[in-house]
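User: Could you take a close look at how the helices of this protein pack against one another, and walk me through it step by step? I'm in my first year, so plain language would help.

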Amino acid sequence: MSKKKFQVVVVGSCMIDFTSYCPRLPKEGETIHGSKFTTTTGGKGANQCVAAAKLGATIALVARVGDDVWGKHYIDNLHKVNVNTKYVEITPGFSSGIAQINVAESGANQIVIIAGSNDKLSPEDVERAEDIISEADVVISQLETPPEVAIKAMKLCKGISILNGAPALAKYDAELLTLPSIFCVNESEAEVFAGVPVNSIDDAKKAINVLREQKGCQTVVLTMGSQGTVYSSKDTSTLIHVSSTPVKSVDSTGAGDAFIGALAYLLATKKEKLTFHECVEAANYIAADTVTRPGTQSSFSGPEILEEYYKTKEFE
């Protein structure tokens, strides 16, 4: 039997999200009353993986979970959305990664992560998955696991590699920015990597110029929430702003992950039908939809959201 080729492979983190919903985000040293508490599956790697899986991607995850009560639970949840977990390992002696999240009524959030078993994901784990990584159309990495893991995955990738520079690093190997086909960050992450404050579209363009011209990035995609996305492709020096769909935000947690998962899915499956610009625009639309519902992976839509997008553009 021939080995299965995956459209998308994600190398990255799994977290358990402990989420508190509150009227606003607390100030330093302040205690406030919240309205609801939930425990759900999260982590940037798994979020991006689930977002692409729900859209219909054939997909695999390379990751580590703990040998606590959450590890097997996490793997079971991945199976429910048809994610291949052959390379998701339970790590003896380590807890699963944990994310503590506060979500305000405005949709704004604060997140603190404890890496746990994610810190044990290694380049050797990536090498064991070389067969699926090298054959994938798109490979996604992030920085909630050691940076050398992302570097190894991008070196093995023969298709499109996407690095989500989150959380941002003040010190890093130069290859981290020169290797990925697409380097994707939000405003705060761009500020760390480029050294340029990002509060406006003009600021975003300045940061992208630094990342392209001084840091050696190929294509840069900078997501800005309700302000949309700014990108510059390696094929052109033009900086392009893609506006976001106006929506009422309920919970913005995971919107950036939904964007990356959707972008990967579209680049892997729609490259003959959609331009890169259209893929970014569609990913924007999908990410905006997720903030209208509470939760992270639970807020991600299925393929019907793409049909909605196509109708807005009068695509066939």
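Analyst: Let's start with helix α7, which covers residues 187-194, and helix α8, which covers residues 201-213: their axes are 10 Å apart and the angle between them is about 45°. With that angle, α7 counts as oblique to α8. The crossing of α7 past α8 is left-handed. On the α7 side, the residues that make the contact are A190, F193 and A194, and on the α8 side they are A207, V210 and L211. If you sort these residues by class, you get six nonpolar, no polar and no charged. Please keep in mind throughout that this is a predicted model.

Now move along the chain to helix α9 and helix α10. Their axes come within 8 Å of each other and cross at roughly 145°. Here the crossing is right-handed. From α9, the residues taking part are A255, A258, F259, A262, L263, L266 and L267. Their partners in α10 are F276, C279, V280, A282, A283, N284, I286, A287 and T290. Sorted by class, the contact of α9 with α10 holds 14 nonpolar, two polar and no charged residues.

Helix α9 has another neighbour to look at, helix α1. Helix α1 spans residues 44-55 and α9 spans residues 255-269; they pack at about 50°, and their axes are 8 Å apart. That angle makes α1 oblique to α9. As α1 passes α9, the crossing is right-handed. The α1 residues in this contact are K44, N47, Q48, A51, A52 and L55, while α9 brings D257, A258, I260, G261, A262 and Y265. By class, the contact of α1 with α9 has seven nonpolar, three polar and two charged residues. You may spot two familiar names here: A258 and A262 of α9 touch α1, and A258 and A262 also appear in the contact with α10.

Let's return to T290, which you met in the contact between α9 and α10. T290 is found in helix α10, residues 276-290. An unreviewed UniProt entry lists T290 under "binding site", together with D251, T253, R293, G295 and S299. These residues span 49 residues in sequence, but no two of their C-alpha atoms are more than 9.9 Å apart, so they gather at one spot. Among these listed residues, T290 is included in the lining of the largest cavity.

For a wider view, the unreviewed UniProt entry also lists residues 7-299 as "domain: Carbohydrate kinase PfkB". Within residues 7-299, helix makes up 34% and strand 26%. The C-alpha atoms at the two ends of that span lie 23 Å apart.

Two details of the backbone in the loops round off the tour. A166 and P167 are joined by a cis peptide bond, with omega at about -10°. You will find P167 in the loop between β9 (160-164) and α6 (175-178). The other detail is N82, a residue other than glycine whose phi is positive, near 65°. N82 sits in the loop between α2 (69-80) and β5 (83-91).

Conventions. Residues are numbered from 1 along each chain as its sequence is written. This is a predicted model: local features need pLDDT of at least 70, side-chain atom pairs count only at pLDDT 80 or more; totals for chains, interfaces and linings use all residues. Side-chain values use heavy atoms; hydrogens and water are left out. Axes are lines fitted to C-alpha atoms, for helices over the stretch in contact, and angles run from 0 to 180 degrees between N-to-C directions. Helices (H or I, at least four residues) and strands (E, at least two) are DSSP runs, numbered from the N terminus. Angles under 35 degrees count as roughly parallel, over 145 as roughly antiparallel, 65 to 115 as roughly perpendicular and the rest as oblique. A crossing is left-handed if the near helix is turned anticlockwise from the far one by less than a right angle, and right-handed if clockwise. Contact means heavy atoms within 4.5 Å. Ala, Val, Leu, Ile, Met, Phe, Trp, Tyr, Cys and Pro count as nonpolar, Asp, Glu, Lys and Arg as charged, and the others, Gly among them, as polar. UniProt positions are given in the numbering used here, feature names are shortened, and annotations may be inferred rather than shown by experiment. On a 1 Å grid over the protein atoms alone, a cavity is a set of points where a 1.4 Å probe fits but cannot get out, and a pocket is an open set with protein on both sides within 12 Å along at least five of seven lines; lining residues have an atom within 4 Å of a point.
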